[in-house]
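Trainee: I am new to this structure. Please take one part and walk me through it closely, side chains included.

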Amino acid sequence: MNEPQPGPEQAGGPNQLPGPYLAPGPYAGGAAWPAGPPQPLPRPLPPPMVGPYPGPYPWGPPPRARWDVPPPPGTRYDRLARTPLHRWWRPIAGTAAIIAAFLALSIVVGLVAFMISLVTGVPMAQTGTRLFADPVLDLGFQLGVIALLLPLVLGAAWLFQRRPPGSLSSVALRLRWRWLGACVLVALVAVVLGQAVEVGTLMFAGVDPGFGWAGWEEFLPAIIVILLLVPFQSAAEEYAYRGWIIQGFGAYLRTPWPAILVGAAAFAASHGYTGWGIVYVFAFGTLMGWLAVRTGGLEAPIALHATNNIVAFGVVAASGDMGSALEQGEVPWESLIGSAVQFAVFGIGVLIIARKWAIQTLSR
């Protein structure tokens with residue numbers, strides 16, 4: 001009887017594992033050993049990284065911290081000096097430095113005027129607060145001295161308070177030129193209307209408004225000096241009385257009104273007006289301070305201040321009486337009617353445009 005023959009899978013003996021699990025080589029025929037334990041499944045690859053990818057470690061020292069620190073977001077204009085670096089002594093030290101530097105520069109300007117007089121032979125004034133006997137040259141020097149306040153105030157904000165100098169300009173940390181241009185247009189309308197009402201009121205009261213025409217030869221040199229220097233003189237006063245003083249008090253107080261009134265009083269004290277003239281200058285300073293806080297910057301105050309001064313000096317230049325351009329004293333009460341019209345037209349016009357344009361009033 002035929003016995004069944006072992007198959008290929010049993011050719012190595014009864015104790016051998018079949019098929020591909022047999023160890024190759026000389027172990028065939030003996031006890032079969034597995035070729036090895038089953039390998040674990042490969043680990044899944046990590047998902048691809050989404051940038052930005054970390055770069056190499058930088059070489060060299062770490063970047064230096066910024067000297068000037070901006071105010072926190074949501075800060076009102078009068079509070080812009082209260083940055084994270086604010087200390088109680090910073091506004092006081094900055095104010096003292098501005099006053100000392102301005103007095104020193106005034107002495108230097110006086111010496112420069114004396115040297116110019118010696119070199120050119122232009123006589124100097126012997127009396128009063130004037131420097132030169134020539135009224136146009138004297139006006140240029142006087143306006144230039146006041147304009148020196150501008151870099152002093154901006155420098156004090158950066159050096160002593162360690163904040164961006166542009167924080168004196170507006171809550172946007174810069175001068176907003178488009179908004180300034182719109183305010184200048186409103187100021188032109190307000191000043192013209194105010195002057196018209198003032199002239200009509202004075203003439204009705206029998207007071208000479210003082211208009212005249214001296215000719216182009218006297219008018220042109222004066223109006224060139226006025227147009228070149230009055231904007232800087234007006235801006236310097238606004239940065240000092242509406243910018244520095246209001247923000248200096250705002251670093252300690254939550255309400256802007258004490259600072260507005262102190263700035264207006266200091267502004268009036270720096271002028272030589274008497275009687276109703278003091279009322280006019282104080283009211284002007286109060287309105288400018290309120291508009292600075294209300295619109296978040298100095299654009300509106302600078303616009304009215306510069307426009308008003310250019311027109312006032314221009315009227316004097318047209319009459320040829322430049323010697324009285326800087327004289328200040330008694331102001332007839334009738335003039336306050338025209339000033340009230342000017343203030344009302346400008347204030348209402350600026351507020352309407354600011355609301356329509358959604359002018360920024362808080363820092364971001």
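Mentor: Start with E238 and R242, which are both buried. This is a predicted model, so read each value below as computed from it. E238 and R242 form a salt bridge, and their closest N and O atoms are 2.8 Å apart. Both residues sit in helix α5, which covers residues 216-250. They are 4 residues apart there, so about one helical turn separates them.

Stay on α5 and go to V225, which lies in that helix. Its relative accessible area is 19%. The cut-off for buried is under 20%, so V225 counts as buried. Now look at what V225 touches. Leaving aside neighbours within four places in sequence, V225 is in contact with V136, G140 and V230. Look at L139 too. V225 and L139 are 86 residues apart in sequence, yet their C-alpha atoms are 7.9 Å apart in space.

That takes us to helix α2, residues 135-147. This helix has 13 residues. From its first C-alpha to its last it reaches 18 Å, close to the 18 Å expected at 1.5 Å a residue. Its N-terminal end is capped by D134. A side-chain oxygen of D134 lies 3.2 Å from the backbone nitrogen of V136. Recall that V136 is also one of the contacts of V225.

Which residues of α2 are buried? They are D138, L139, G140, F141, Q142, L143, V145 and A147. G140 also appears among the contacts of V225. What covers these buried residues includes α5, along with α1 (90-120), α3 (149-159) and α8 (299-319).

Now return to salt bridges. A search of the whole structure finds 5 of them. The pair E238 and R242 is one salt bridge. Another joins D78 to R76, with the closest N and O atoms 2.6 Å apart. D78 has a relative accessible area of 0%, so it is buried. R76, at 28%, is partly exposed. A further salt bridge links the side chains of D68 and R66, at 2.9 Å from N to O. D68 is buried, with a relative accessible area of 12%. R66 counts as exposed, at 52% relative accessibility. Set these beside the pair on α5, where E238 and R242 are both buried.

Terms used
Residues are numbered from 1 along each chain as its sequence is written. This is a predicted model: local features need pLDDT of at least 70, side-chain atom pairs count only at pLDDT 80 or more; totals for chains, interfaces and linings use all residues. Side-chain values use heavy atoms; hydrogens and water are left out. A salt bridge is a side-chain nitrogen of Lys or Arg within 4 Å of a carboxyl oxygen of Asp or Glu. Buried means under 20% relative accessible area, exposed over 50%, partly exposed in between (1.4 Å probe, protein chains only). Helices (H or I, at least four residues) and strands (E, at least two) are DSSP runs, numbered from the N terminus. Contact means heavy atoms within 4.5 Å. The expected span of a helix is 1.5 Å times one less than its number of residues. A polar contact is a pair of N or O atoms within 3.5 Å; within protein, one must be able to donate a hydrogen and the other to accept it, and residues adjacent in sequence count only if both atoms are side-chain atoms.
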